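Me: I'd like to go through the pockets of this one with you. Shall we start once it's on screen?

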Amino acid sequence: MTDKGGAVAGKAGLTRQRVLTTAVTMADTAGIDGLTMRKLGDELGVEAMSLYHHVANKTALLDGMVDSVFAEIVSPELAADGDWQTALRERCSSMRAVLLRHPWATPLMESRASPGPATLRQHDAVLGLLRAAGFPIPLAAHAYSLLDAYVYGFALQEASLPFRTGEEAGEVAEAIMADQPIDAYPHLAELMTEHVLRPGYDYADEFDYGLALILDGLRRALDEQHVPRT
């Protein structure tokens with residue numbers, strides 16, 4: 001993209017969306033730490049200064065990248081039958097899937113002082129669903145914070161695991177057990193033998209289990225809000 005003529009073509013077709021899409025792809029491939037305006041310009045076939053017509057600085061670039069990630073998350077809507085739990089489950093599952101595609105984004109998602117429109121729409125949609133489902137404002141705030149903390153935390157932990165599949169998890173577990181006395185950590189050994197090394201193990205299943213517990217707890221909290229006081 002930096003050969004003669006390529007830079008001219010790249011500059012002519014440069015848009016804010018192209019800048020952000022390319023930056024997100026670079027971060028997905030090599031991580032966020034190595035992303036610089038110069039490298040981004042090289043990838044786009046333009047001088048770094050050309051980027052400033054579309055993003056004011058590196059902070060604005062990150063703002064736009066995070067907003068692009070938020071735009072990929074399913075926006076929840078309350079169903080006609082009032083089933084808010086399914087809507088939130090789908091939204092949280094979508095959010096986790098998006099963060100798996102863009103692991104660099106997890107620590108940045110709630111850090112922006114100038115959030116973009118997709119970010120604000122996503123926040124507003126979740127709060128709107130909770131309010132439409134009958135959540136009082138304080139409980140809606142608690143629910144939103146709890147759900148996001150769970151999804152972000154799970155995504156961060158999932159991205160840092162030394163395995164991706166159940167088979168790889170079994171290999172890691174066997175390697176750990178082989179390096180330690182069998183009776184030194186009996187509860188860990190039990191977990192690995194009776195759970196991780198079982199056929200069909202998938203760490204991703206933990207996400208659905210934990211989310212179900214949270215949604216069930218929120219349902220009970222909402223029901224208690226509607227119990228008449230005596």
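**Pockets in a predicted model**

Reply: Sure, and keep in mind that this is a predicted model. To begin with, α10 gives the most to the lining of the largest pocket, with 5 residues.

Me: Which helices each supply at least two residues of that lining?

Reply: We already have α10, with its 5 residues. The helices that each supply at least two residues to the largest pocket are α9 (166-178) and α10 (186-196).

Me: How do the residues of the lining of the largest pocket divide into nonpolar, polar and charged?

Reply: The lining has 15 residues, and F163, L191, M192, V196 and Y201 lie nearest the pocket's centre. By class, the lining comes out as 13 nonpolar, 1 polar and 1 charged.

Me: What volume does the second largest pocket have?

Reply: For reference, the largest pocket is put at about 240 Å³. The second largest has a volume of about 190 Å³.

Me: Which helix gives the most to the lining of the second largest pocket?

Reply: Two helices each supply at least two residues here, α6 (84-101) and α8 (137-160). With 3 residues, the one that gives the most is α8.

Me: And how many residues of the second pocket's lining are charged?

Reply: Go through the lining by name: it includes E158, R164 and D202, along with residues such as L99, P103 and F163. The split has 9 nonpolar residues and no polar ones, and the number charged is 3.

Definitions and conventions
Residues are numbered from 1 along each chain as its sequence is written. This is a predicted model: local features need pLDDT of at least 70, side-chain atom pairs count only at pLDDT 80 or more; totals for chains, interfaces and linings use all residues. Side-chain values use heavy atoms; hydrogens and water are left out. On a 1 Å grid over the protein atoms alone, a cavity is a set of points where a 1.4 Å probe fits but cannot get out, and a pocket is an open set with protein on both sides within 12 Å along at least five of seven lines; lining residues have an atom within 4 Å of a point. Grid points are joined across faces, edges and corners, and a volume is the space filled by probe spheres set on the points. Helices (H or I, at least four residues) and strands (E, at least two) are DSSP runs, numbered from the N terminus. Ala, Val, Leu, Ile, Met, Phe, Trp, Tyr, Cys and Pro count as nonpolar, Asp, Glu, Lys and Arg as charged, and the others, Gly among them, as polar.
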